[in-house]
Amino acid sequence: MEIGQKVKVFRLRDRVSSSIAQKLGKIGVIEGYKVTDGCGIGVVVKFEDNTATWFFEDEIKPV
């Protein structure tokens with residue numbers, strides 16, 4: 001996955017806040033990467049409402 005690529009959130013691995021849960025099924029653009037706590041690399045996704053949050057790569061897919 002590359003910065004600038006459009007992706008869709010299709011699953012959530014863990015329990016998350018309601019604001020993040022609302023992103024399920026939404027399309028956003030990869031804005032950057034985040035090093036997680038030893039479990040791998042996360043992807044920062046920015047959405048149309050100008051919010052951004054990170055997801056694991058297996059929680060998103062290209063559109």
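**Sheet, core and one loop residue**

Colleague: Where does N50 sit?

Modeller: This is a predicted model. N50 is in the loop that links strand 3 (41-47) and strand 4 (52-56).

Colleague: What is the phi of N50 near?

Modeller: Near 65 degrees, which is a positive value in a residue other than glycine.

Colleague: Is N50 buried or exposed?

Modeller: N50 is exposed, because its relative accessible area is 60%, and the cut-off for exposed is over 50%.

Colleague: Switching to the sheet. What is the strand order?

Modeller: The order is 4-3-2-1-5, in an open sheet of five strands with antiparallel pairing. Strand 4 and strand 5 (60-62) are the edge strands, and each pairs on one side only. On average, neighbouring strands of the sheet are turned by 50 degrees against each other, direction ignored.

Colleague: How many bridges between strand 1 and strand 5?

Modeller: Three, with strand 1 (residues 6-9) and strand 5 pairing in the antiparallel sense. Within strand 5, P62 is the residue opposite V7.

Colleague: And which residues make up the largest nonpolar core?

Modeller: Eight residues: V7, V9, I30, V43, V45, F47, F55 and I60. At least two of them come from strand 1, and at least two from strand 3.

Colleague: Which strand gives the largest share of this core?

Modeller: Strand 3, with three residues.

Colleague: Back to V9. What does V9 touch?

Modeller: Leaving out residues up to four places away in sequence, V9 touches K23, L24, G25, K26, F47, F55, E59 and I60. F47, F55 and I60 also belong to the largest nonpolar core, along with V9.

Note on methods:
Residues are numbered from 1 along each chain as its sequence is written. This is a predicted model: local features need pLDDT of at least 70, side-chain atom pairs count only at pLDDT 80 or more; totals for chains, interfaces and linings use all residues. Side-chain values use heavy atoms; hydrogens and water are left out. Helices (H or I, at least four residues) and strands (E, at least two) are DSSP runs, numbered from the N terminus. Buried means under 20% relative accessible area, exposed over 50%, partly exposed in between (1.4 Å probe, protein chains only). Two strands pair if DSSP finds at least two bridges between them. Axes are lines fitted to C-alpha atoms, for helices over the stretch in contact, and angles run from 0 to 180 degrees between N-to-C directions. A nonpolar core is a set of buried Ala, Val, Leu, Ile, Met, Phe, Trp, Tyr and Cys residues joined through side-chain atoms within 4.5 Å. Contact means heavy atoms within 4.5 Å.
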